[in-house]
Amino acid sequence: MDDRISKLPDDILICILSRLSIEEAARASILSYRWRYLWRFFTGSLDFVDPYKIRRLAILSDPYYKCEDNYFIRAKRRNFINIVDPILGLLQTKSLQQLRICYPVNSDYDVDSWVQFAVHKRVQRLELDFSESKTEGHELHTFSPYFKTTSSFSSLVSLRLIDVDIPEEVLHYLLCYCPLLEVLTLKGAEKLIRIRVSGPSLKLKYLELRDLPNLSHLEINAPNLVSFEFCAGELIVNFIHVPSLVEMSIEGDYCTYFVYTLHQFSSFLPQLRTLKLNLMAVSVPEDFLNSIPKFPNLKHLEMTLANGDLDCYHPCVAFLKASPLLQEFTFKLSHTVEPCAYVQNIKDHPHLNLRAVSFIGFEGREVDVEFLKDLLENAVRLEKMIIDPCKYHFMGSPGMWYYRRSEGYKCARKRAIELADKFPHVEFVPEAVLCSILELSDPKHLDFTTLLSEDCFGPCATFLKACPSLHKLTLKVDVFICGWF
């Protein structure tokens, strides 16, 4: 048979290989002698992620293990290094789209060599996630590449550092001399005290700052910034110039200050289209919420609250009234402490543009049903309501599927169905998970991780039914040991 593909120019074959994973590209070397070394010019995405979750496997092998004394962990870590380093050493490409390393390493030498590789190969997207290392008691690795010239990292478009320290002078260099940088995520860095997001040619569009324990001052002067996610304690944040900011997410103790001083941010509040507030640690007086400023262009509002106050719905009502063009509202209720009373109502405040409502943590209490009824009666154009009785703090955790089989969950789900029967014109989805399945854009590859239980394959079967064009299924069955995770 005539092999027409192999007759294509090397550049085209390398382009084809670069659309695969590095493992698949290397396997292609057995096709013929001509393909043997083509994978070394791979320019796609290098993803090195812990495939074994070594801490969990270590516990299974030795329940009394001590992280660094456990031979299993040390062996797996050496195996990981022995895989990554040779691959990086064999690559001859001059540029690379992405380098992503998510693994609990414990050698600064390895980290420094990977960063220098990223500089040398002109990586566009770099992600280092060493979150497991922090839980094992190690000091954070420091991101401090040796910059030979101001053109180092000049091709960097996205940088994500999770539980990796970065000195202030290095961050300043990146913001000043990375003209293409659009995405910056810093999580868990302990050396940062003052951050000034500014630069003569700054193109930053997405900024995420989380869990920076020593941060005391933040200044943002970013004309192209579109999205800002922030989770921190009490500190000073100066928004100097953010004319393009349309998405904002605020969590932590700073959310208290933000809500109390909303009028100070009048320069950009009117332009916001998406606002996410985690008010679990915030207690706002009723008279203050009645005077919050308007959000004339807000389209999506997401609020997370803890039912510790007498009226946990009061902030929701206040922000709903202040957002006349709201189209999507997501409400997450977590950590129910005591019964609350639905003091405020929205009966006399119609929402003419609201199309979709999501309620995560629905318990089926009278106060929950009363709030949703008022919302349904006033949202005249409402098309879809998602009600998920699963507790918000269980979402994404191993205990989620166990809770979905509890009596409390079943009772709340029954109340949600009874409520749906009273409003037949609205599409109700009892579980948010099932709703997200129905809205999938017909994926070709499904990577599904489930928890070992009597009905661990039930959710997977639901996903399969919703994906008629699926070509590849990766099924991972995890083991959960109560008391360890």
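Colleague: Does cysteine 178 count as buried or exposed?
Modeller: This is a predicted model: local features need pLDDT of at least 70, side-chain atom pairs count only at pLDDT 80 or more, and totals for chains, interfaces and linings use all residues. Residues are numbered from 1 along each chain as its sequence is written, and side-chain values use heavy atoms, with hydrogens and water left out. Buried means under 20% relative accessible area, exposed over 50%, and partly exposed in between (1.4 Å probe, protein chains only). Cysteine 178 has 2% relative accessibility, so this residue counts as buried.

Colleague: What is the relative accessible area of cysteine 411?
Modeller: Cysteine 411 falls in the class between buried and exposed. It is partly exposed because its relative accessible area is 48%.

Colleague: How many disulfides does a search of the whole structure find?
Modeller: A disulfide here is a pair of cysteine sulfur atoms within 2.5 Å. For cysteine 178, the closest cysteine sulfur belongs to cysteine 176 and lies 9.4 Å away, which is too far for a bond. Over the whole structure, the number of disulfides found is zero.

Colleague: Cysteine 176 is one of the buried residues of helix H7; what covers them?
Modeller: Helices (H or I, at least four residues) and strands (E, at least two) are DSSP runs numbered from the N terminus, and H7 spans residues 168-177. Its buried residues are Val170, Leu171, Tyr173, Leu174, Leu175 and Cys176. Their cover, taken from contacts (heavy atoms within 4.5 Å), includes strand E5 (158-162), strand E7 (183-187) and E8.

Colleague: E8 is also part of an open sheet of three strands; which strands stand at the edges?
Modeller: The order is E8-E10-E12, with parallel pairing; two strands pair if DSSP finds at least two bridges between them. An edge strand has a single partner strand, so one side of it is left without a neighbour in the sheet. The edge strands are E8 (194-197) and E12 (236-241).

Colleague: Which residue of E10 stands opposite isoleucine 195?
Modeller: E8 and strand E10 (residues 217-221) run parallel and are joined by four bridges. Opposite isoleucine 195 in E10 stands leucine 218.

Colleague: Which residues have the most contacts inside the largest nonpolar core?
Modeller: A nonpolar core is a set of buried Ala, Val, Leu, Ile, Met, Phe, Trp, Tyr and Cys residues joined through side-chain atoms within 4.5 Å. The largest one has 121 residues. Those with the most contacts inside it are Phe143, Phe228, Phe230 and Phe329.

Colleague: What is phenylalanine 329 in contact with, leaving aside its neighbours within four places in sequence?
Modeller: Cys316 and Leu320, two of the residues in contact with phenylalanine 329, are among the buried residues of helix H10. With those neighbours left aside, the full set is Leu301, Met303, Cys316, Leu320, Leu354, Ala356, Val357, Ser358, Phe371 and Leu375.

Colleague: How many residues of H10 are buried?
Modeller: H10 (residues 314-321) is mostly covered. The buried ones are His314, Pro315, Cys316, Val317, Ala318, Phe319 and Leu320. Of its eight residues, the buried number is seven.

Colleague: Which side chains of strand E1 are buried?
Modeller: Side chains alternate along E1 (residues 45-49). Ser45, Asp47 and Val49 point to one face and are not buried. Pointing to the other face, and buried, are Leu46 and Phe48.

Colleague: What is the bridge partner of leucine 46 in E2?
Modeller: E1 pairs with strand E2 (residues 96-102) in the parallel sense, over five bridges. In E2, the partner of leucine 46 is leucine 99.

Colleague: Which backbone oxygen does the side chain of threonine 93 reach?
Modeller: Threonine 93 lies in the loop between helix H4 (71-90) and E2, and at 5% relative accessibility it counts as buried. A polar contact is a pair of N or O atoms within 3.5 Å; within protein, one must be able to donate a hydrogen and the other to accept it, and residues adjacent in sequence count only if both atoms are side-chain atoms. At 2.8 Å, the side chain of threonine 93 reaches the backbone oxygen of serine 95.

Colleague: In E18, what is the bridge partner of isoleucine 360?
Modeller: Strand E18 (residues 384-388) has five of its five residues buried. Strand E17 (residues 356-360) pairs with E18 in the parallel sense over five bridges. The partner of isoleucine 360 in E18 is aspartate 388.
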